[in-house]
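Here is a small set of exercises to work through with the model open beside you. Try each task before you read its solution.

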Amino acid sequence: MSGNMPGIREGHSWQLFLLSFLVLEGSTQDFGQTQFICTSVPKDVDLCAATMQNSGPAEDLKTTVMQLRETVLQQKETIMNQKETIRELTSKLSRCESQSLPEAGAGGRRIVPGAKNTMGDVSRGPQDTLAQLGQTLQTLKQRLENLEQYSRNNGTAQANSLKDLLQNKIDDMEKQVLSRVNTLEETKPGQKNDTDQRNRVESTLTSMHHRITDLEKGGKDNRPLDKFQLTFPLRTNYMYAKAKRTLPEMYAFTVCLWIKSNASPGVGTPFSYAVPGQANELVLIEWGNNPMEILINDKVAKLPFIINDGKWHHICITWTTRDGMWEAFQDGVLRGSGENLAPYHPIKPQGVLVLGQEQDTLGGGFDATQAYVGELANLNMWDRKLSIGDIYNLATCNSKAQTGNVFSWSESNIEIFGGATKWTFEPCRALN
């Protein structure tokens with residue numbers, strides 16, 4: 001064995017020499033900048049293959065691996081951020097449950113002024129944000145389904161407590177959702193995809209509030225259908241309510257409603273009635289710094305109302321086509337009158353009555369700057385001029401108060417869209 005050792009060492013040396021020669025041949029011809037690299041290679045390995053493994057492609061492969069690793073780390077960070085967002089949303093909902101439960105029997109809604117808008121931290125881009133908002137709403141919808149199941153299996157008192165809890169929670173979340181969607185629309189107004197996703201969010205909100213209304217009824221109409229109010233919390237171009245039936249031709253009318261708002265400047269449009277060919281057939285609007293106005297066939301009369309003080313007020317307007325005579329009542333008291341408001345022009349039939357928006361086209365063309373912000377209730381309309389005594393009875397909730405014979409305030413007569421909310425309300429009993 002000892003006699004073979006020099007031969008082995010000699011063969012190994014020749015392999016090293018050949019490897020160094022091959023590396024040198026594959027490099028630049030500028031021998032002043034080259035280096036000899038000695039690498040131990042097993043005897044049975046092909047030297048060319050071993051040389052290629054140590055050449056340029058290996059460095060490229062290493063670079064690719066590093067890039068993939070960096071990408072994976074970035075994706076991991078994104079996932080962790082999303083998990084943190086989900087955790088924050090879940091924590092917020094849990095806090096709403098724990099804080100609202102003792103107050104659940106009080107009814108109504110709970111608004112927390114200045115609450116942090118955590119929905120703004122959901123994601124990085126508009127598309128991702130809207131998708132996340134949709135997921136959040138689906139979660140709330142599932143919670144509502146659980147409440148409905150609980151309501152069917154338990155007594156009405158417990159069910160009502162949970163119903164109030166859910167209303168509070170959805171009200172808080174809804175304002176954040178709509179505010180975020182509004183911001184995105186203002187930022188990228190021309191993108192169809194954002195509009196489509198906003199429509200889906202709007203549809204989900206509308207569906208939830210319809211189902212809450214069904215819970216309020218408790219399967220049986222224990223509560224009168226006129227004991228409710230509509231709330232429009234944001235100035236948008238898609239939040240409104242619509243009457244299910246049109247108005248007849250009228251040569252006189254009285255319209256009365258309860259209204260509460262502190263919006264500035266201008267409370268917006270409590271209601272508008274448009275007909276084919278005339279979008280401003282009958283409109284009540286307070287826009288910008290102008291006083292509240294009544295429009296009939298696009299003719300205008302300024303009304304002496306002062307209502308944007310955040311308190312409930314009862315207002316009535318009467319009008320007759322003869323000489324265009326009108327009167328304005330606030331809280332049962334005559335505040336002003338006038339004439340020549342669209343004289344001898346009857347209110348046309350077959351139109352669309354919208355609450356909360358001013359129509360530029362029949363049933364649409366809404367402008368967010370003219371949208372109503374606040375609460376309204378008990379909108380009734382008659383095709384005649386009511387007496388001062390009738391109007392006083394309405395403003396004081398007298399048992400002799402009448403309901404509109406053209407349009408009466410009832411849940412069965414109104415459809416709600418875009419996230420406008422419906423709450424239990426009894427005039428005079430819940431004032432201010």
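The exercises below go from the whole chain to single residues.

**Before you start**

This is a predicted model, in which local features need pLDDT of at least 70 and side-chain atom pairs count only at pLDDT 80 or more, while totals for chains, interfaces and linings use all residues. Residues are numbered from 1 along each chain as its sequence is written, and side-chain values use heavy atoms, with hydrogens and water left out.

**Exercise 1. Take stock of the whole protein: describe its secondary structure, its burial and its surface.**

Step 1. Start with secondary structure: the protein has seven helices and 14 strands. Helices (H or I, at least four residues) and strands (E, at least two) are DSSP runs, numbered from the N terminus.

Step 2. Turn to burial. Of the 432 residues, 44% are buried; buried means under 20% relative accessible area, exposed over 50%, and partly exposed in between, with a 1.4 Å probe and protein chains only.

Step 3. Now the surface: the protein exposes about 22,700 Å², and carbon and sulfur atoms supply 52% of that area. Accessible areas come from the Shrake-Rupley method with a 1.4 Å probe, and for residues only the protein chains shown count as cover.

Step 4. Finish with contacts, meaning heavy atoms within 4.5 Å. Among those between residues at least 6 apart in sequence, 72% join residues at least 24 apart.

**Exercise 2. Trace the open sheet of seven strands and find its edges.**

Step 1. Write down the order, β7-β6-β5-β4-β11-β2-β13, and note that the pairing is antiparallel. Two strands pair if DSSP finds at least two bridges between them.

Step 2. Look at the ends: β7 (299–302) and β13 (414–417) each have a single partner strand, so one side of each is left without a neighbour in the sheet.

Step 3. Add the twist. On average, neighbouring strands of this sheet are turned by 20° against each other, direction ignored. The axes behind this angle are lines fitted to C-alpha atoms, for helices over the stretch in contact, and angles run from 0 to 180 degrees between N-to-C directions.

Step 4. Check the β6 and β7 pair. Strand β6 (residues 293–296) joins β7 through four antiparallel bridges, with I294 opposite A301. The two strands form a hairpin with two residues between them, and N297 in the turn has a positive phi of about 50°.

Step 5. Move inward to β4 (residues 268–275) and β5 (residues 278–286), an antiparallel pair with five bridges. Here V275 faces Q278 in β5.

**Exercise 3. Locate the disulfide and work out which parts it ties together.**

Step 1. The structure holds one disulfide, defined as a pair of cysteine sulfur atoms within 2.5 Å. The link runs from C256 to C316, with an S to S distance of 1.9 Å.

Step 2. C256 lies in strand β3 (residues 252–260) and C316 in strand β8 (residues 313–320), so the pair ties together parts that are 60 residues apart in sequence.

Step 3. Read the geometry: there is 120° about the S-S bond, and the link of C256 and C316 is right-handed.

Step 4. Are the two cysteines buried or exposed? C256 is buried at 1% relative accessibility, and C316 is buried at 0%.

**Exercise 4. Compare the nonpolar cores.**

Step 1. A nonpolar core is a set of buried Ala, Val, Leu, Ile, Met, Phe, Trp, Tyr and Cys residues joined through side-chain atoms within 4.5 Å. The largest one has 50 residues, and L230, L355 and W409 have the most contacts inside it. Strand β3 gives the largest share of this core, five residues.

Step 2. Apart from that core lies another, of seven residues, among them C316, W382, I391 and L394.

**Exercise 5. Explore helix α7 and G332.**

Step 1. In α7 (residues 388–395), I391, N393, L394 and A395 are buried. The buried residues of this helix pack against β3, β8, β9 and β12 (374–382).

Step 2. Take N393, buried at 16% relative accessibility. Beyond its neighbours within four places in sequence, N393 touches N398, K400 and A401.

Step 3. Find G332 in the loop between β9 (325–330) and β10 (333–338). G332 is buried at 9% relative accessibility. Leaving aside neighbours within four places in sequence, G332 is in contact with H314, Y392 and A395.
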